[in-house]
Amino acid sequence: MSAVIEASAVGKRFGRTWALRDTTLTVPAGRIVGLVGSNGAGKTTLLNLAVGLSRPTEGQITVLGSRPGHDVEQLAKVGFLAQDVPLYRDLSIRDHLQLGARLNPRWDAASSHARVARAGLDPTQRAGALSGGQRAQLALAVAIGKRPELLILDEPVASLDPLARRNFLADLTELAADGLSIVLSSHLLADVERVCDHLIVLAAGSVRLAGDVDDLLATHKVLTGARRHPDRLPAEQTVIQHSHTDRQTTLLIHTTQPVLDPSWIVSEVGLEELVLAYMATPPADDTTAAGRPALRRAG
């Protein structure tokens with residue numbers, strides 16, 4: 001399977017407010033996909049649709065080839081770690097693993113117990129007494145114990161200290177190397193840059209940018225030169241963001257062609273700079289297909 005999630009013109013409305021609108025995207029299999037955006041961008045709404053906790057108001061979404069949450073077999077293929085790391089406070093770690101074994105037909109007891117042991121967790125300890133990092137490790141052990149084909153994580157490291165976050169991300173890299181597809185929603189762009197090889201940027205309920213990280217970085221450049229109007233660029237160079245001083249213009253552009261004008265100083269763009277530019281860019285008048293930047297001339 002080449003895609004684990006496919007969304008076509010998906011919209012989700014709560015009352016009169018659209019959390020997502022006309023969202024079209026493809027999430028490739030076998031990758032660690034970073035889902036980023038500001039608060040209210042629609043990230044959690046999209047993930048809830050992908051795991052079957054919600055239904056779209058319009059459009060269609062499929063996960064692993066079928067409707068999310070369609071049946072027990074489909075549910076067994078998806079592991080989900082929600083933002084608040086939901087656990088049963090009064091149950092012990094051992095209780096959680098036993099419960100996971102009873103509820104999941106593909107349960108891998110050896111893997112879940114090994115993950116708990118490697119994290120240094122005491123199986124007799126209650127979940128309510130665990131630290132944030134320990135809770136995240138237990139929740140990950142339960143999610144992985146399902147032996148899912150797709151693991152969806154909604155801000156799983158937001159409350160972790162730097163060491164716990166590094167260990168958690170190392171675990172994700174190891175899981176991806178074993179063939180697991182992972183979608184990681186995060187505000188922490190440094191973490192996304194560290195582990196993700198595919199990127200989706202949401203803003204105001206729409207996809208602004210989607211694609212492989214290496215391709216996105218290769219097709220965006222920063223141009224610096226004497227002050228001029230951005231509309232004077234060649235047609236194949238689309239301005240994403242621009243700024244000016246009295247004498248100088250700086251442009252972030254998207255282009256698949258080399259920049260041949262010698263009057264520009266051409267620089268590479270970093271992932272954080274790229275993401276923030278698209279998060280700040282208003283939506284284009286016409287929505288582009290998933291996998292291509294939603295570009296608009298700034299100015």
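In what order do the four strands of the open sheet stand?

**Close-up 1. The open sheet of four strands and its edges.** In this predicted model, the strands of the open sheet follow the order β11-β12-β10-β13, and their pairing is antiparallel. Strands β11 (238-244) and β13 (265-268) stand at the edges, where each has a single partner strand, so one side of each is left without a neighbour in the sheet. From one strand to the next, the twist averages 25°. In general, the strands of a sheet pair through backbone hydrogen bonds, and this pairing may be parallel or antiparallel.

**Close-up 2. The pairing of β10 with β13.** Strand β10 (residues 220-226) runs antiparallel to β13, and four bridges join the two. Leu223 stands opposite Val266, a residue of β13.

**Close-up 3. Helix α9 lying across strands of the sheet.** Helix α9, which spans residues 271-280, lies across β10, β11 and β12 (248-254), and it runs at about 95° to β11.

**Close-up 4. The largest nonpolar core.** This core holds 50 residues, of which Leu138, Leu151, Leu153, Phe168, Leu172, Ile182 and Leu199 touch the most other members. Helix α5 (residues 132-145) gives the most to the core, contributing seven residues. In soluble globular proteins, nonpolar side chains tend to be buried together.

**Close-up 5. The surroundings of Leu153, with a second core.** When its neighbours within four places in sequence are left aside, Leu153 is in contact with Leu47, Leu81, Phe168, Leu172, Ile182, Val183, Leu184 and Ser185. A second core, separate from the largest one, has 26 residues, among them Ile5, Val33, Val63 and Leu64.

Key
Residues numbered from 1 in each chain as written. Predicted model: local features only at pLDDT ≥ 70, side-chain atom pairs only at ≥ 80, totals over all residues. Heavy atoms only, no water. Core = buried A, V, L, I, M, F, W, Y, C linked by side-chain atoms within 4.5 Å. Buried < 20%, exposed > 50% of the residue type's maximum accessible area, 1.4 Å probe, protein only. Contact = heavy atoms within 4.5 Å. Pairing = 2+ DSSP bridges. Axes fitted to C-alpha atoms, helices over the stretch in contact; angles between N-to-C directions.
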